[in-house]
Amino acid sequence: MAEAIARYDAADVIQPSSAGIDPLGSVADLTKEILARNGYSANGLTSDPLTHAAYEAADIIINMTGKPWGDDFAGHTKVEDWIVEDPYGTDPGTYQRVLESIKRRVNQLAAALREKRQHGMSAK
């Protein structure tokens, strides 16, 4: 959900890419349905594992698993933890609530990045 939301709401400051520590392997149908109901496209969304190369290439990693990162990504210097309920296997209302929570967090991050960009430009 976060990738789809960021693509639409924050494309000017975020180049999103989703990956998981323990990915399902597919995007749940209810995820796609809730995204569509809220005006977001699920096209191109995948359920892929987080690789070391992807970690290294990222400026920031948003951890929404609620789980420790483990030894492969020791140091966590790029990690921001978001406590997000996993809606998988629940009802549409839970998916909607989770989408709204993620949307708030994505928009907060985007606003902070825009502010940082603006301050960086004005400092030059």
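**Figure 1. The largest nonpolar core of the predicted model holds 25 residues.** Met1, Ile5, Ile14, Leu35, Ile102 and Val106 touch the most other members. Helix 1 (2-9), helix 2 (29-37) and helix 4 (92-122) are the elements that each give two or more residues to this core. Helix 4 gives the most, with seven residues. In soluble globular proteins, nonpolar side chains tend to be buried together.

**Figure 2. Ile102 and its partners from elsewhere in the sequence.** Neighbours within four places in sequence are left aside here. Ile102 is then in contact with Met1, Ala2 and Ile5. Met64, Trp82 and Val84 also contact Ile102. Within the core, Ile102 is one of the residues that touch the most other members, and so are Met1 and Ile5.

**Figure 3. Helix 1 is mostly covered.** Six of the eight residues in helix 1 are buried. They are Ala2, Glu3, Ala4, Ile5, Ala6 and Asp9. Ile5 also belongs to the largest nonpolar core. Two further residues of the helix appear in the next views: Arg7, which is partly exposed at 31% relative accessibility, and Tyr8, which is exposed at 62%.

**Figure 4. A salt bridge within helix 1 joins Arg7 and Glu3.** The N to O distance between the side chains is 3.2 Å. Both residues lie in helix 1, four residues apart, about one turn of the helix. An α-helix has 3.6 residues a turn, so residues three or four places apart point the same way. The two partners differ in cover: Glu3 is buried at 11% relative accessibility, whereas Arg7 is partly exposed at 31%. A search of the whole structure finds four salt bridges.

**Figure 5. The rings of Tyr8 and Tyr40 meet edge-to-face.** The count of aromatic pairs comes to one. The ring centres of Tyr8 and Tyr40 lie 5.7 Å apart. Their planes stand at 90°, over the 60 degree cut-off, so the pair is edge-to-face. Tyr8 lies in helix 1 and Tyr40 in the loop between helix 2 and helix 3, so the pair ties together parts that are 32 residues apart in sequence. Tyr8 is exposed, with a relative accessible area of 62%. Tyr40, in contrast, is buried at 5%.

**Figure 6. Glu33 and Arg37 form a salt bridge in helix 2.** The closest N and O atoms are 2.3 Å apart. The residues are four places apart in helix 2, so about one helical turn separates them. Glu33 is partly exposed, with a relative accessible area of 36%. Arg37 is exposed at 54%.

**Figure 7. A salt bridge between Arg97 and Glu85 links distant parts of the chain.** The side chains meet at 3.4 Å, N to O. Arg97 lies in helix 4. Glu85 lies in the loop between strand 2 (79-81) and helix 4. The two residues are 12 apart in sequence. Arg97 is partly exposed at 46% relative accessible area. Glu85 is also partly exposed, at 42%.

**Figure 8. Asn63 of strand 1 makes a polar contact with Asp81.** The contact joins the two side chains at 2.8 Å. Asn63 has 4% relative accessibility. That value is under the 20% cut-off, so Asn63 counts as buried.

**Figure 9. Ile60 sits in the loop between helix 3 (52-57) and strand 1 (61-63).** Its relative accessible area is 37%, so Ile60 counts as partly exposed. Not counting residues up to four places away in sequence, Ile60 touches Lys78, Glu80 and Leu109. Ile60 and Glu80 are 20 residues apart along the chain. Their C-alpha atoms are separated by 7.2 Å.

**Figure 10. The whole chain, for orientation, has four helices and two strands.** From the N terminus on, the elements run α-α-α-β-β-α. Of the 124 residues, 34% count as buried. Among contacts with a separation of 6 or more, 58% are between residues 24 or more positions apart. The chain exposes about 7,900 Å². Carbon and sulfur atoms supply 51% of that area.

Terms used. Residues numbered from 1 in each chain as written. Predicted model: local features only at pLDDT ≥ 70, side-chain atom pairs only at ≥ 80, totals over all residues. Heavy atoms only, no water. Core = buried A, V, L, I, M, F, W, Y, C linked by side-chain atoms within 4.5 Å. Buried < 20%, exposed > 50% of the residue type's maximum accessible area, 1.4 Å probe, protein only. Contact = heavy atoms within 4.5 Å. Polar contact = N/O pair within 3.5 Å; in protein donor to acceptor, adjacent residues only side chain to side chain. Areas by Shrake-Rupley, 256 points an atom, 1.4 Å probe, with all protein chains shown as cover. Phe/Tyr/Trp six-rings, centres within 6.5 Å; stacked < 30°, edge-to-face > 60°.
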